[in-house]
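Student: I am new to this structure and would like a close look at a single part of it. Please take the place where the two domains meet, and add a few residues for detail.

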Amino acid sequence: MTVSKDENSVDSKSPLTALAPVQAVLFDVDGTLCDSDPLHYHAFREMLQEIGFNGGVPIDEEFFIKNVAGKHNDDIARAIFPDDFERGLKFCDEKEAMFRRLVTEQLKPVSGLYKVKKWIEDNGLKRAAVTNAPRPNAELMISMLGLSDFFEAIIIGDECEHAKPHPDPYLRALELLKVSKDHTFIFEDSVSGIKAGVAAGMPVVGISTRNPEHLLMQAKPALLIKDYDDSKLWAALDELDKNRGTANNA
């Protein structure tokens, strides 16, 4: 029998408690560090309409979430141009150029990002960005957010054997940081990203920046929050602080 309780609640024992002492925190980039999905959506919507995709009818957010959000460009190209993969790849490259222009004008951090950044720095934790975004996109977004010196590594899905939802990018991050999956957790905002983290054996804190909560929960995050100001997150981090103190005094 399954005990019913609020899917998003933190009980007396946080889902992150077993990680103490924490060694590292891993972050996705798009939608996790910054609310970039509206910029991707705008670029895809405009460019697809220009080429007469779907009979010239603009794509909607449901189409975007199903076929684009959190996915690697190879998969997006196949979904949108199933009969012409090379055309799909070229389209995605052109779309990324448009996205980068939008980033320089409109990029905003997810609420509370710099608060959790300070917590990580105060605790001396290692950190890496792990993303399916092309490297020029990832480095631009991280730079625009003032986080270039914060991250010790940026792992790109394209540069691994497999991109998310495969666990390879997150396993690569563990290798580069020289930390254990048993003492590391992840922030992610997409179904594919959460699946990648779970498959890599780490608890994932899902962020419902844009993707529907019921879809994110299907990927089995350890905790689901609205943003980095969410009280559920800070209750979990406070538990980690207490356990770190206990470990240090043992």
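Tutor: What follows goes from the domains to their interface, and then to two single residues. The model is predicted.

The protein chain is divided into domain 1, made of residues 24-33 + 110-248, and domain 2, residues 37-106. Domain 1 is thus given as two stretches of the chain, and domain 2 as one. Between the C-alpha centres of the two domains there are 25 Å. Domain 1 brings 17 residues to the contact, and domain 2 brings 14 residues.

The size of an interface is often given as the accessible area lost when the parts come together. For domain 1 and domain 2 the buried area is about 1300 Å², with 59% of it on carbon and sulfur atoms. On the side of domain 1, the residues that lose the most area to domain 2 are Asn137, Leu140 and Arg210; together they account for 31% of what that side buries.

Next come the polar links across the interface. Zero salt bridges are found between domain 1 and domain 2. Polar contacts do occur: six residue pairs are counted, both residues of each being at pLDDT 80 or more. Helix 6 (residues 135-144) supplies five residues, the largest share of the side of domain 1 that touches domain 2. Sorted by class, this side of domain 1 holds eight nonpolar, five polar and four charged residues.

Serine 192 is one residue to look at in detail. Its place is in helix 8, which covers residues 191-199. Serine 192 counts as buried because its relative accessibility is 12%, and the cut-off for buried is under 20%. Setting aside residues up to four places away in sequence, serine 192 touches Gly70, Lys71, Lys164 and Pro165. Of these, Gly70 and Lys71 fall within the 37-106 range of domain 2.

Glutamate 159 is the other residue. It sits in the loop that joins strand 3 (153-156) to helix 7 (168-177). With a relative accessible area of 44%, glutamate 159 is partly exposed. Apart from neighbours within four places in sequence, its contacts are Arg135 and Arg172. Arginine 135 is 24 residues away along the chain, and the C-alpha atoms of the pair are 9.1 Å apart. The side chains of glutamate 159 and arginine 135 make a polar contact at 2.8 Å. Arginine 135 also falls within the residue range of helix 6, the helix already named for its share of the interface.

Terms used:
Residues are numbered from 1 along each chain as its sequence is written. This is a predicted model: local features need pLDDT of at least 70, side-chain atom pairs count only at pLDDT 80 or more; totals for chains, interfaces and linings use all residues. Side-chain values use heavy atoms; hydrogens and water are left out. Domain bounds come from an automatic or database domain assignment. Contact means heavy atoms within 4.5 Å. Buried area is the accessible area (1.4 Å probe) that two parts lose on being put together, summed over both. A salt bridge is a side-chain nitrogen of Lys or Arg within 4 Å of a carboxyl oxygen of Asp or Glu. A polar contact is a pair of N or O atoms within 3.5 Å; within protein, one must be able to donate a hydrogen and the other to accept it, and residues adjacent in sequence count only if both atoms are side-chain atoms. Helices (H or I, at least four residues) and strands (E, at least two) are DSSP runs, numbered from the N terminus. Ala, Val, Leu, Ile, Met, Phe, Trp, Tyr, Cys and Pro count as nonpolar, Asp, Glu, Lys and Arg as charged, and the others, Gly among them, as polar. Buried means under 20% relative accessible area, exposed over 50%, partly exposed in between (1.4 Å probe, protein chains only).
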